[in-house]
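I opened this notebook to keep track of what I looked up, beginning with the overall layout and moving on to single residues. The entries follow the order in which I went through them.

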Amino acid sequence: MDLKKLAGQAGQFLTRAVQYTEEKIGSAEKTELDGHFESLSLQAESAKQWTEKLLTGAESVLIPNPGNRVEDMIFEKIEKRRPNRLSNLEYLGLDMVQAGNEFGSGTAYGSALLKVGGAEQRLGLVEREYISNAVQGFIQPMRKFLDTEMKTITREKRLLETKRLDLDACKSRLRKARSLDGHSSQKDAVDPKVLVAQLQAEQELIEAEADLRKAQADFDRQAEITKLLLEGVRSSQAAHLRHLNELVEAQAQYYEQSHKVMVELQKDLASVPFNPSAVGAFDNSVPVFQINDEEIDLKSPTSP
């Protein structure tokens, strides 16, 4: 381990901490960024917050179960794919088909269950295709925007803040060096101690000026890099609009196919003969209770 390098990093960290603390209590000046930069920064932060909110809402619509959303996220990170699970509609369809087979396809109810169960399974497949298209066309690219561009901007903004603290610390050091040099120059230079102090003050001033020039150059370069990244956020809206259109296209296709499945189901059910007596309907029957061996007609008047 390079102890000299480690000590230098610790010294830089301490200098930044002191500068930050002095700025907070108002005893140190702070370099302000220009208004255009601040405006770009606010726009980028707004884009980040709204993109996160839109993603959360879209994921809640596409995958309502929070547990499934967590499972999908883990699979995407580890397996680089989403788990292939049956939808609730497909589970319902399977149950209906099994019930229809149990009751018998020869009965009206059993036949209807088989037809509805098959339609529910087809709806489930349509829904899964819709979710897949929406995730690929909207969720994934928007999340990539957050994970790449916005994270890069956040990292560069933090680095810019570090460069600003270094710059302002150098400015404070230069002011102190100039003040010290001014005081030492007013003293009698005949005294050897005064002469040494003057030489030290001049050397400190030279070093402070050199450090300030370097810190200013580093800050300006980092500010320009960050500004270019911030300006790119606005241009990303064109891509976001394309992703939004893909989401709408996926939804339109989903509802169109779902409507087609339901229309076909209605036609199929209309062909199923409906015989109330065959399915045990009691609309026209007379309610009868039997007590011991005597049957009581509930529709007939009772004697007091």
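**Entry: layout.** I began by counting elements and found that the chain has 7 helices and 2 strands. Reading from the N terminus on, I noted the order α-α-α-α-α-α-α-β-β, and I reminded myself that what I am looking at is a predicted model. I then looked up burial for the chain as a whole and wrote down that, of its 304 residues, 27% count as buried. For contacts between residues at least 6 apart in sequence, I noted that 72% join residues at least 24 apart.

**Entry: confidence.** Before going into detail I checked how far the predictor trusts its own coordinates, and the mean pLDDT of the chain is 82, with 75% of the residues reaching 70 or more. Where in the chain is confidence lowest, and where is it highest? I found the lowest value in strand β1, residues 288–291, at a mean of 43, and the highest in α7, at 96. I also marked two stretches where pLDDT stays under 50: residues 278–292, for which the model has 17 contacts beyond four places in sequence, and residues 298–304, for which it has 5 such contacts. I added a caution for myself that predicted coordinates should not be read in detail where pLDDT is low.

**Entry: nonpolar cores.** Next I looked up the largest nonpolar core, which has 35 residues, and I listed L62, Y130, I139 and M150 as those with the most contacts inside it. The elements that give two or more residues to this core are α2 (35–62), α5 (108–185), α6 (192–235) and α7 (237–270). Of these, α5 gives the most, with 17 residues. Apart from this core I found another one, of 7 residues, among them M96, A119, L123 and V261.

**Entry: Y130 and the cavity.** I followed Y130 further and, not counting residues up to four places away in sequence, saw that Y130 touches L62, A250, Q251 and Y254. I then asked how many cavities of 30 Å³ or more the structure holds. I found 1, and the largest cavity has a volume of about 30 Å³. Its lining is made by V126, E129, Y130, N133, A250, Q253, Y254 and Q257, and the elements that give two or more residues to this lining are α5 and α7. Sorting the lining residues by kind, I wrote down 4 nonpolar, 3 polar and 1 charged.

**Entry: L55.** I chose L55, which has its place in helix α2, and asked whether L55 is buried or exposed. L55 counts as buried because its relative accessibility is 2%, and the cut-off for buried is under 20%. Leaving aside neighbours within four places in sequence, I found L55 in contact with I139, M142, R143 and L146. For the pair L55 and M142, I noted a separation of 87 residues in sequence and a C-alpha to C-alpha distance of 7.4 Å in space.

**Entry: G104.** Last, I looked at G104, which lies in the loop between α4 (88–103) and α5. Apart from neighbours within four places in sequence, G104 is in contact with G110 and S111. I also looked up G104 and L114, which are 10 residues apart in sequence and 9.3 Å apart in space, C-alpha to C-alpha.

Definitions and conventions
Residues numbered from 1 in each chain as written. Predicted model: local features only at pLDDT ≥ 70, side-chain atom pairs only at ≥ 80, totals over all residues. Heavy atoms only, no water. Core = buried A, V, L, I, M, F, W, Y, C linked by side-chain atoms within 4.5 Å. Buried < 20%, exposed > 50% of the residue type's maximum accessible area, 1.4 Å probe, protein only. Helix = DSSP H or I, 4+ residues; strand = E, 2+ residues; numbered from the N terminus. Contact = heavy atoms within 4.5 Å. 1 Å grid on protein atoms, 1.4 Å probe; cavity = no way out; pocket = protein on both sides within 12 Å on 5 of 7 lines; lining within 4 Å. Points joined across faces, edges and corners; volume = space filled by probe spheres on them. Nonpolar A, V, L, I, M, F, W, Y, C, P; charged D, E, K, R; others polar. pLDDT = per-residue confidence, 0-100.
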